[in-house]
Amino acid sequence: MTSTDLADLYPVDADHLQRLHTRLERDAQAGDLLDIAYRTVDSAVGPLLLAATPLGLVRVAFANEDRDGVLLTLSKRISPRMLEAPTRLDPIVRQLDEYFDGRRHTFDVPLDWSLSQGFRRTVLEHLNTDVGYGVTASYAALARLAGSPKAVRAAGTACATNPIPIVVPCHRVIRSDGAVGAYRGGPVAKRMLLDLEREG
């Protein structure tokens with residue numbers, strides 16, 4: 001038994017596929033069928049996968065994270081109604097560009113906290129509002145800000161699992177001895193972000 005390559009029988013036209021995707025994106029948004037829009041952008045710390053719901057930015061993933069795994073998790077935890085829809089993420093892309101150019105010190109895009117719950121969310125919310133641009137804090141200080149001074153390890157876990165890094169600036173949290181510490185995007189990315197803010 002021989003198999004037939006369907007691409008030989010049905011040639012794929014890249015322009016046609018792009019037009020179909022654009023139409024699908026437009027119809028999904030018009031019909032309120034798009035729960036998660038995503039896109040990938042280049043940045044000073046490498047490619048970033050951005051995802052947003054109608055509530056706001058829900059995920060920023062670095063190149064060292066499994067892209068398909070990130071999308072699968074979003075599909076399972078939030079909604080399978082997901083589509084690559086770049087224009088919906090234009091505001092955050094513009095603000096990230098300004099941040100990496102040193103022209104923006106805070107982000108003002110809406111955030112969707114669906115992937116953070118309980119104490120982790122409390123820690124990240126305090127981090128987002130209380131640790132400003134160019135400032136660093138220890139995990140112990142962050143635990144105090146979140147109202148649980150003894151929960152230093154839990155504060156570290158909140159930073160390590162932060163679904164919205166860069167925008168929610170867990171890179172600003174360092175170890176008490178001054179060492180950079182771990183980071184979802186890797187230590188090189190963390191150091192680059194700290195250096196960027198120090199220079200800005």
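**Salt bridges, helix 4 and enclosed space**

Arg198 counts as exposed, at 56% relative accessibility; here exposed stands for over 50% relative accessible area, buried for under 20% and partly exposed for values in between, with a 1.4 Å probe and protein chains only. Its neighbour in helix 8, Asp195, counts as partly exposed at 27%. Asp195 and Arg198 are separated by about one helical turn because they lie three residues apart in helix 8. An α-helix has 3.6 residues a turn, so residues three or four places apart point the same way. The side chains of Asp195 and Arg198 meet in a salt bridge, at 2.8 Å from N to O, where a salt bridge requires a side-chain nitrogen of Lys or Arg within 4 Å of a carboxyl oxygen of Asp or Glu. Elsewhere, Arg59, Glu65 and Arg184 are joined into one network by salt bridges that share partners.

The structure is a predicted model, in which local features need pLDDT of at least 70 and side-chain atom pairs count only at pLDDT 80 or more, while totals for chains, interfaces and linings use all residues. Residues are numbered from 1 along each chain as its sequence is written, and side-chain values use heavy atoms, with hydrogens and water left out.

Within that network, Arg59 pairs with Glu65 in a salt bridge whose closest N and O atoms are 2.6 Å apart. Both of these partners, Arg59 and Glu65, are buried. The pair formed by Asp108 and Arg104 reads otherwise: their side chains meet in a salt bridge at 3.9 Å, N to O, with Asp108 exposed at a relative accessible area of 56% and Arg104 buried at 17%. Twelve salt bridges are found when the whole structure is searched. Side chains of opposite charge can pair when their charged atoms come close.

Turning to the overall fold, the protein chain has eight helices and six strands, taken as DSSP runs numbered from the N terminus (H or I over at least four residues for helices, E over at least two for strands). Along the sequence they follow the pattern α-α-β-β-β-α-β-α-α-β-α-α-β-α. Of the 200 residues in the protein chain, 43% count as buried. Among contacts between residues at least 6 apart in sequence, 61% join residues at least 24 apart, a contact being heavy atoms within 4.5 Å.

Helix 4 makes a good place to look at this burial. Across residues 90-100 of helix 4, the buried positions are Ile92, Val93, Gln95, Leu96, Glu98, Tyr99 and Phe100. Their cover includes strand 1 (36-41), strand 2 (48-53), strand 3 (56-62) and helix 8 (187-199). After helix 4 comes Gly102, with a positive phi near 80°.

Helix 4 also borders an enclosed space. One cavity of 30 Å³ or more turns up in the whole structure, and the largest cavity has a volume of about 30 Å³. On a 1 Å grid over the protein atoms alone, a cavity is a set of points where a 1.4 Å probe fits but cannot get out, a pocket is an open set with protein on both sides within 12 Å along at least five of seven lines, and lining residues have an atom within 4 Å of a point. Grid points are joined across faces, edges and corners, and a volume is the space filled by probe spheres set on the points. Val41, Asp42, Ser43, Leu48, Val93, Leu96, Asp97 and Phe100 line the largest cavity, and helix 4 supplies the largest share of that lining, four residues. By class, the lining has five nonpolar, one polar and two charged residues; Ala, Val, Leu, Ile, Met, Phe, Trp, Tyr, Cys and Pro count as nonpolar, Asp, Glu, Lys and Arg as charged, and the others, Gly among them, as polar.

The largest pocket holds about 200 Å³ of space. Of the 14 residues lining this pocket, Arg77, Leu115, Thr161, Pro163 and Arg184 are the closest to its centre. Helix 3 (67-77) and helix 5 (118-130) are the elements that give two or more residues to the lining, and helix 3 contributes the largest share, four residues. The lining of the largest pocket divides into four nonpolar, five polar and five charged residues. Domain 1 (10-101) and domain 2 (118-197) each provide at least three of the lining residues, with domain bounds coming from an automatic or database domain assignment.

One backbone detail completes the description. Most residues other than glycine have a negative phi. Ile166, although not a glycine, has a positive phi of about 75°. This residue, Ile166, is found in the loop between helix 7 (152-160) and strand 6 (173-174), and Ile166 counts as buried at 1% relative accessibility.
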